[in-house]
Amino acid sequence: MATTQERNQRNHRLHDAAPTAVTVPAPRTHGDTIPATTAGPVRYVWAAARIAIGWVFLWAFLDKLFGWGLATPAAKAWTNGGSPTAGFLKGTADHTFGGLFTTLAGQPWVDWLFMTGLAAIGTALILGVGMRIAATTAGLLLLMMWAAELPLTTNPFMDEHIIYAIVLIGLALTGAGTTLGLGTQWAATPLVRRYPILK
């Protein structure tokens with residue numbers, strides 16, 4: 001009898017010591033985790049790619065604006081009355097969508113939209129802010145330039161415009177603006193907290 005009582009008491013103590021509830025951590029949301037591709041040295045590779053592509057866009061803007069002679073002669077600079085879109089778009093006349101793109105060549109609103117896009121995309125990528133919008137708008141611009149050159153002369157469908165667009169998607173998905181950029185500070189601003197698409 002005593003043995004049974006002791007066993008019951010021991011079981012009762014074990015039962016009391018057992019946790020009454022299991023604590024389950026809250027599920028992580030998408031923004032809480034850092035992708036593995038942004039950890040360690042690889043994040044600097046993504047940052048370098050971001051800055052390099054940003055410079056390609058920003059340089060195109062500056063060269064077309066001032067005509068520094070590398071791609072745009074001074075006489076055809078936008079500041080001298082030249083059109084930053086006329087040369088490229090008029091050269092697409094014999095391509096698949098030539099009829100569409102040649103009608104846009106030299107239009108003032110097209111020039112303004114193109115130059116604003118180059119400057120904004122280049123600046124955003126170099127600074128590492130607004131990566132989602134920069135990657136999206138840059139990708140669309142690149143795809144339009146790709147379409148303007150169809151059919152391609154050196155490859156059935158692939159060229160640098162598609163490669164850049166794919167890399168831009170990677171930059172946005174990996175949060176590449178937080179390394180060697182202002183992405184972390186940008187994401188902490190009240191505006192971006194309210195509208196996360198601006199990340």
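Reader: What makes the reach from the side chain of Thr178 to the backbone oxygen of Gly175 a polar contact?

Author: The distance is 3.0 Å. A polar contact is a pair of N or O atoms within 3.5 Å; within protein, one atom must be able to donate a hydrogen and the other to accept it, and residues adjacent in sequence count only if both atoms are side-chain atoms. Since 3.0 Å is within 3.5 Å, the pair passes.

Reader: Before we go on, what are we looking at?

Author: This is a predicted model, where local features need pLDDT of at least 70, side-chain atom pairs count only at pLDDT 80 or more, and totals for chains, interfaces and linings use all residues. Residues are numbered from 1 along each chain as its sequence is written, and side-chain values use heavy atoms, with hydrogens and water left out.

Reader: OK, back to Thr178. Why is Thr178 called partly exposed?

Author: Its relative accessibility is 43%. Buried means under 20% relative accessible area and exposed means over 50%, with partly exposed in between (1.4 Å probe, protein chains only). So 43% lands in the middle class.

Reader: And what does Thr178 touch?

Author: Skipping neighbours within four places in sequence, Thr178 is in contact (heavy atoms within 4.5 Å) with Gly183 and Thr184. Thr178 sits in the loop between helix 7 and helix 8. The C-alpha atoms of Thr178 and Ala47 are 8.2 Å apart, though 131 residues separate them along the chain.

Reader: You keep saying helix. What counts as a helix here?

Author: Helices (H or I, at least four residues) and strands (E, at least two) are DSSP runs, numbered from the N terminus. This chain has nine helices and zero strands.

Reader: How do you know that helix 2 has the span expected of it?

Author: The expected span is 1.5 Å times one less than the number of residues. Helix 2 (residues 42-66) has 25 residues, so it should span 36 Å, and its end C-alpha atoms are 36 Å apart, which agrees. Helix 5 (108-127) works out as well: 20 residues reach 28 Å from first C-alpha to last, close to the 28 Å expected.

Reader: What makes Arg50 buried?

Author: Arg50, in helix 2, has a relative accessible area of 0%, so it is buried. Buried company in helix 2 includes Ala47, Ile53 and Phe57. The buried residues of helix 2 pack against helix 5, helix 6 and helix 7.

Reader: Which residues does Arg50 touch?

Author: Leaving out residues up to four places away in sequence, there are several, among them Leu125, Met131, Leu171 and Leu180. A polar atom of the Arg50 side chain also lies 3.0 Å from the backbone oxygen of Ile126.

Reader: Why is Gly170 put in the buried class?

Author: Gly170, which is found in helix 7, is buried because its relative accessible area is 13%. Gly170 and Ala135 are 35 residues apart in sequence, with their C-alpha atoms 8.9 Å apart.

Reader: Why is Leu180 called exposed?

Author: Leu180 has 56% relative accessibility, so it counts as exposed. Leu180 is in the loop between helix 7 and helix 8.

Reader: What is notable about the phi of Leu180?

Author: Most residues other than glycine have a negative phi, and most peptide bonds are trans. Leu180 has a positive phi, near 55°, without being glycine. As for peptide bonds, a cis one joins Leu150 and Pro151, with omega about -5°. Pro151 is in the loop between helix 6 and helix 7.

Reader: Last one: what makes Ile133 fit for a nonpolar surface patch?

Author: Patch residues need over 30% relative accessible area and no salt bridge (a side-chain nitrogen of Lys or Arg within 4 Å of a carboxyl oxygen of Asp or Glu); like charges are joined within 9 Å, nonpolar side chains (Val, Leu, Ile, Met, Phe, Trp, Tyr) within 5 Å. Ile133 has 38% relative accessibility, so it clears that area cut-off. Ile133 belongs to helix 6 (residues 131-148). Together with Leu191, Tyr195 and Ile197, Ile133 makes a patch of about 390 Å². Areas like that come from the Shrake-Rupley method with a 1.4 Å probe; for residues, only the protein chains shown count as cover.
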